[in-house]
Amino acid sequence: MFFERPDAGETAVLVHVDFQDEQEREDPGEFLELVRSAGAEPATLLTGSRKRPDSRTFLGSGKLEELRETLRVHAAELVIFNHGLSPSQERNLEHDLKCRVLDRTGLILDIFAQRARTHEGKLQVELAQLEYMSTRLVRGWTHLERQKGGIGLRGPGETQLETDRRLLRGRIKSIHKRLDKVRGQRDQNRRSRARAEIPSVSLVGYTNAGKSTLFNAITESRVYAADQLFATLDPTLRRLEIEDVGPVVMADTVGFIRHLPHKLVEAFQATLQEAAEASLLVHVIDAADPDRELNVEQVEEVLDEIGALDVPTLRVMNKIDLLDSAPRIERDGQGRPEVVWLSAQEGRGLELLEQALSECLAEDVIEFSLTLEPQQGRLRAGLHELGAVREESFCEEGQTRLQIRLPRRDFLQLMARLGERAEDYLPASLSEREAWEEIP
């Protein structure tokens, strides 16, 4: 980029430290998955424990010497920490170890950079990378400490480090402008869907919980899905039909992770806004993960950060094939669906999810019998057009008997379009004033 640092190979020594504070602890197993997802080759995992990080090198002097020897034994050129390092700690470690040092945030950013496919995704990753790098410009070009003066030699009067910072600020400003334009386009699309009264459903959850596999199964799409962290980065939207609801837009979003870097949340605000403004969130959970409750807490923290914690949520316990469990729906005291247990990989329980989505998204659905005279053909045609007719029979007198089922709102809108009074057709049990009142 704009600065010189030690070269980094693919063979890496991993460093994980346990701290007394539970909030600061990271999962070494997840760390290993992150490293493999980035494409590095883990040589060994160096572990230790401390009360608190060393302010200069994060590690103590003894552990630092052990790390130096481990690098020599494995001929590794990269050290990756399962923790966030300050710019000065990273700089001091690289000076002492004579190799490239990467922290957890830098590792996640590297994975994101590899996975970004769309123009928007690449902009968001670049923004997060530049803001991360802006505090890590380690030095200027030593042979150009300051531009020399003299006729024909007068330069801008700034060190290369200052030039780098100015260029970074300019690029960050430019990306912010382009992302604002993208955000405006997304807002316009959401407003269009809202005007058309099309509900939106966003899949959210911890990374590698099976969101993309579930998305592919229910929408019959071919979104990239793999057993690795952050397989999905760019959001994908698909339209599907849900019984009693009609068309629904479903979005597959980026997975969350423990201690997701704040800069990433900021950079992906335009994408995560799909979740914040959804009609319903489907929180996909890996039912077989022993840390699933902790993962749920981490997802809810990010949802709270983007203002989506109050959006109605349906939980999906995925991967029940690993638990030898049966598909089912769990309901609350009022009979509303709360949790759906299924296996997206095997396709078991998908019909239960569609049923739960229908119950969560459908407005007040009415079902009753209706007898129409021959001259009421427009009403009969309108009901057929809405897909509301479940059964139809004809009387000898020429009348048509219909068994219909549809959202109350659709019925009221049809009546208004035909200039009819809804209460003239609804049974007494369904025609209370507050139920059939006209919708503006």
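Biologist: Which residue in β14 stands opposite serine 393?

Modeller: This is a predicted model, and the strands concerned are β13 and β14. Five bridges join β13 to β14 (residues 400-407), and the two run antiparallel. The residue of β14 that stands opposite serine 393 is arginine 401.

Biologist: In what order do the three strands of that open sheet lie?

Modeller: The pairing in this sheet is antiparallel. β12 (365-372) and β13 (389-394) stand at the edges with a single partner strand each, so one side of each has no neighbour in the sheet. Neighbouring strands are turned by 15° against each other on average, direction ignored. The order is β12-β14-β13.

Biologist: Which helix lies across β12, β13 and β14?

Modeller: Two helices can be considered here. Helix α13 (residues 408-418) packs on the sheet by touching β12 and β14, and its direction makes about 120° with that of β14. The helix across β12, β13 and β14 covers residues 377-385 and runs at about 145° to β13; it is α12.

Biologist: Is the pairing parallel or antiparallel in the open sheet of four strands?

Modeller: Strands of a sheet pair through backbone hydrogen bonds, and either direction is possible. The four strands here follow the order β2-β1-β3-β4. The edge strands, each paired on one side only, are β2 (41-50) and β4 (100-102). The pairing is parallel.

Biologist: How many bridges join strand β1 to β2?

Modeller: β1 covers residues 11-19 and runs parallel to β2. One facing pair is leucine 14 and leucine 45, the latter in β2. The number of bridges joining β1 to β2 is nine.

Biologist: Which strands does helix α3 touch as it packs on the sheet?

Modeller: Helix α3 covers residues 87-97. Its direction makes about 145° with that of one of the strands it touches. The strands touched are β3 (78-81) and β4.

Biologist: Are α2 and α3 parallel or oblique to each other?

Modeller: Their axes come within 11 Å and cross at roughly 55°. Angles under 35 degrees count as roughly parallel, and 65 to 115 as roughly perpendicular. The crossing of α2 and α3 is right-handed. The angle fits neither of those ranges, and α2 and α3 are therefore oblique.

Biologist: How many nonpolar residues are in the contact of α2 with α3?

Modeller: From α2, the contact takes in Leu64, Leu67, Arg68 and Leu71. These meet Leu93, Asp96 and Leu97 in α3. By class, there are two charged residues and no polar ones, while the number of nonpolar residues is five.

Biologist: Is phenylalanine 58 buried or exposed?

Modeller: Phenylalanine 58 lies in the loop between β2 and α2 (61-74). Its phi is near 70°, a positive value in a residue other than glycine. Phi does not settle the question, but accessibility does: a residue under 20% counts as buried. Because its relative accessibility is 3%, phenylalanine 58 is buried.

Biologist: Is alanine 75 buried or exposed?

Modeller: Alanine 75 sits in the loop between α2 and β3. Its phi is also positive, near 50°, and alanine 75 is a residue other than glycine. The cut-off for exposed is over 50% relative accessible area. Because its relative accessibility is 61%, alanine 75 is exposed.

Note on methods. Residues numbered from 1 in each chain as written. Predicted model: local features only at pLDDT ≥ 70, side-chain atom pairs only at ≥ 80, totals over all residues. Heavy atoms only, no water. Pairing = 2+ DSSP bridges. Contact = heavy atoms within 4.5 Å. Axes fitted to C-alpha atoms, helices over the stretch in contact; angles between N-to-C directions. Buried < 20%, exposed > 50% of the residue type's maximum accessible area, 1.4 Å probe, protein only. Parallel < 35°, antiparallel > 145°, perpendicular 65-115°, else oblique. Left-handed = near helix turned anticlockwise from the far one by under 90°. Nonpolar A, V, L, I, M, F, W, Y, C, P; charged D, E, K, R; others polar.
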